[in-house]
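Please open the model in your viewer and set it to a cartoon display, with the sequence panel beside it. At each stop you will select something, look at it, and then read what is there.

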Amino acid sequence: MIAQETLDRVRRDADVVEIVGESVKLTKRGRSFVGLCPFHKEKTPSFHVNAERGFYHCFGCQASGDAIKFLQETEGLDFIEAVRRLAERMGIDIVETANDAERRQHAEVRRRQQELYDVNQTAAAYFERMLREHPLRDIAEQELERRALVASSPTDAIADALQAFRVGYAPFGWDGLAAHLRDTSVSLATAEKVGLVAPRKSGSGYYDRFRHRLMFAVIDLQGRVIAFSGRSLDEPPADRLRPLGLEPSTAEEPPAKYMNSPESPVYKKREAVFGLYQARPAVRTADRSVLVEGNFDVLSLHARGIKNAVAPLGTAFTAEQARALRRFSANVTLLFDPDEAGRRAVRAARDVCRDTGLVAQVATLPGGMDPDDLIRKEGAERARLVIDAAQPIISHLMEERLDENFKRNDPATQAKKIQEVIELIMSEDDPTLRALAETHADELAARLNLGDARTIAMLKRNLAAAISGTNKVDPSKQRVEPPHRARSRDQREEFGLVILGAFLDFPELLDGPSADQAAVLLEGDLAIALAALRHFRQEDVQDPEVVLAKTAPPIHAFALARWAAPQHETLADAKAVLEPNLRKLLSLEWSREKAAMFGSLERAEKAGEVDEITLRRSVEGARRRRGMS
């Protein structure tokens, strides 16, 4: 564990403006710097970075944090990795709380893990070299040529994509890679752990798992090779193999078209997203990822300028992969193959996206093409049009059930499909999408010329019931405040936020008498927030996340915004706003107390329990307590 003193020093000394400024163009505005948010697409800058507090906040997407959090989000580092990166950058010695034995154990674990990354890196470089040098490389090149992925120059877009995805060739034969690793003193036992080689079933030694395949490297968000995916190639003729000392394959079954690395300590297939490392900048810029099914789909799209394409690898789309995508954008367009497997994948992806907060749309590929076919045969512009025409996933699933074949079904099947559409609508959490459901049902009915059909009438009735049922509010449970009370409550909150904002802009005000007065006047969440600010001011704690942990959630957005973009330029400005609003709040409190007191005294007077002199004394006493006389 990294010692708290190291964490505190990293947080205190890290220049968040310098770190953010390396990837975001920042302009000074008031006490903060502003720029276009790196976490979502925007035209007007709403991303504020405050050097005084070491903090950033986006008013558009609400992203916020310190220098550590920024590195985590933009470079895919975990917390410890980000702290180490910043400490090394600033020359800060990392103090660890572990004892010597624990430090040695942690160091050994890191060393062994690094060995796994190193052997994958060595293998990737070997496969790349084989694609340039091996006598059978032309068979791999023919597959690339078939996909129109042949570079016309070493620096064109296709060459860049092949290099970015570390495309290579795993040679024909049993031990090309194993021999290379042995010759370079790389442990074959380590290579076995990441699935590059396997022990021979008879005798000693190892053989290559990937043989005569076009290879793609799987790269994690730190740019490390963690696994491989290999595409099978045409069998070489015997007369080309024998001069190389190789024999044709004797296997009865053809090899699997794709073979992926098995899971290992550095590769979990549920978590890895193929192409996300390469796609990160484009996903942020477009504020959308494009999810496809295959390696070649990703490579082809990237090579032709659609660089926000990614794919799951060897698994259906998982919640872990969805969360990885959401770190860079909350929007995803599914561009799956138009076959039954692709349709099943879309249906399965809906729940994954809903559970992880991804907003999903579905693009429909024309004429039975896959994404690689589309962009290769019809060009990038056509592919962009298809992607841009994507519709919300719920609309796509409704159309899938109420397609042109609907009328050909028997009544029982029609009723079943209608019920499925109703269940889709009822399961939708987004009220906007639910509200669009009946309109979309009308469009589908018109398209199918089913306006007079009883089935569609039933559909519309049930959709309307489903939508209204999810939006109904029980009037008996609504509480209506009297107008004067509601107005007073709103004003108290308005003045209270102005007061709290002044303290957030200049925490030194917390040391003066205004803070004592505010502590008496503020109520509810605002009072709790002020108490937290005063406490952590005394403890000299400046980490916003620590302070927020002691405040109510409704205050968080307001506090984050003021930390990143203070409204008051000077202490005098803050005081000039603070003191009048304290007086306004005091006046409101007096009005409320006076109303309550008069009501109580009026009831007592009617009961004969108080005279006029007592009443006046009560009023004057209350005014003196509130400093109003």
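The tour that follows moves from the whole chain to its cores, then to pairs of helices, and last to single residues.

**The whole chain**

Begin with everything selected, and keep in mind that this is a predicted model. The secondary structure of the chain amounts to 27 helices and 16 strands, and 46% of its 629 residues count as buried. If you consider the contacts between residues at least 6 apart in sequence, 68% of them join residues that are at least 24 apart.

**The nonpolar cores**

Now select Leu196, Phe228, Leu299 and Leu335, which have the most contacts inside the largest nonpolar core, a set of 71 residues. Add helix α5, residues 100-133, which gives the most to this core, with nine residues. Then look for another core that lies apart from it, made of 33 residues, among them Val547, Trp563, Leu585 and Leu586. As a general background to this stop, nonpolar side chains in soluble globular proteins tend to be buried together.

**Helices α5 and α6**

Two packed helices are described by the angle between their axes and the distance between the axes. Keep α5 selected and add α6, and you will find the two packing at an angle of about 95 degrees, with their axes 7 Å apart. The two helices are therefore roughly perpendicular to each other, since angles from 65 to 115 degrees count as such. To see where they touch, show the side chains of Met130, Leu131, Arg132 and Glu133 in α5, which meet Arg137, Ala140, Glu141 and Leu144 in α6. Sorted by class, the contact of α5 with α6 has four nonpolar, no polar and four charged residues.

**Helices α12 and α15**

Next, select helix α12, residues 295-303, together with helix α15, residues 371-378, whose axes come within 8 Å and cross at roughly 30 degrees. That angle makes α12 roughly parallel to α15, because angles under 35 degrees count as roughly parallel. The crossing in which α12 passes α15 is left-handed. On the α12 side, display Phe296, Asp297, Ser300 and Leu301, and on the α15 side display Pro371, Asp372 and Ile375, which they meet. The residues of this contact of α12 with α15 divide into four nonpolar, one polar and two charged.

**Leu301, within α12**

Stay in helix α12 and centre the view on Leu301. Is Leu301 buried or exposed? With a relative accessibility of 1%, Leu301 counts as buried, because the cut-off for buried is under 20%. Leaving out residues up to four places away in sequence, Leu301 touches Val292, Ile306, Ala309, Leu335, Pro371 and Ile375. If you draw a distance between the C-alpha atoms of Leu301 and Ile375, you should read 6.9 Å, although these residues are 74 residues apart along the chain.

**Thr318, in a loop**

Move on to the loop between β13, residues 309-310, and α13, residues 319-326, and select Thr318 there. Thr318 counts as buried, at 4% relative accessibility. Which residues does Thr318 contact, leaving aside its neighbours within four places in sequence? They are Arg270 and Val352. The C-alpha atoms of Thr318 and Asp351 are separated by 9.9 Å, with their positions 33 residues apart along the chain.

**Positive phi angles**

The last stops concern the backbone, where most residues other than glycine have a negative phi. Select Ala148, in the loop between α6 (137-146) and α7 (157-164), and note that its phi is positive, about 60 degrees, although Ala148 is not a glycine. At 33% relative accessibility, Ala148 counts as partly exposed. Then go to the loop between α7 and β6 (168-170), where Arg166 lies. Arg166 too is not a glycine, and its phi is positive at about 50 degrees, but Arg166 is buried, with a relative accessible area of 16%.

Finish at helix α11, residues 276-286, and colour its buried residues, which are Leu276, Gln278, Ala279, Arg280, Val283 and Arg284. Just after α11 comes Asp287, which has a positive phi near 55 degrees.

Note on methods. Residues numbered from 1 in each chain as written. Predicted model: local features only at pLDDT ≥ 70, side-chain atom pairs only at ≥ 80, totals over all residues. Heavy atoms only, no water. Axes fitted to C-alpha atoms, helices over the stretch in contact; angles between N-to-C directions. Helix = DSSP H or I, 4+ residues; strand = E, 2+ residues; numbered from the N terminus. Parallel < 35°, antiparallel > 145°, perpendicular 65-115°, else oblique. Left-handed = near helix turned anticlockwise from the far one by under 90°. Contact = heavy atoms within 4.5 Å. Nonpolar A, V, L, I, M, F, W, Y, C, P; charged D, E, K, R; others polar. Core = buried A, V, L, I, M, F, W, Y, C linked by side-chain atoms within 4.5 Å. Buried < 20%, exposed > 50% of the residue type's maximum accessible area, 1.4 Å probe, protein only.
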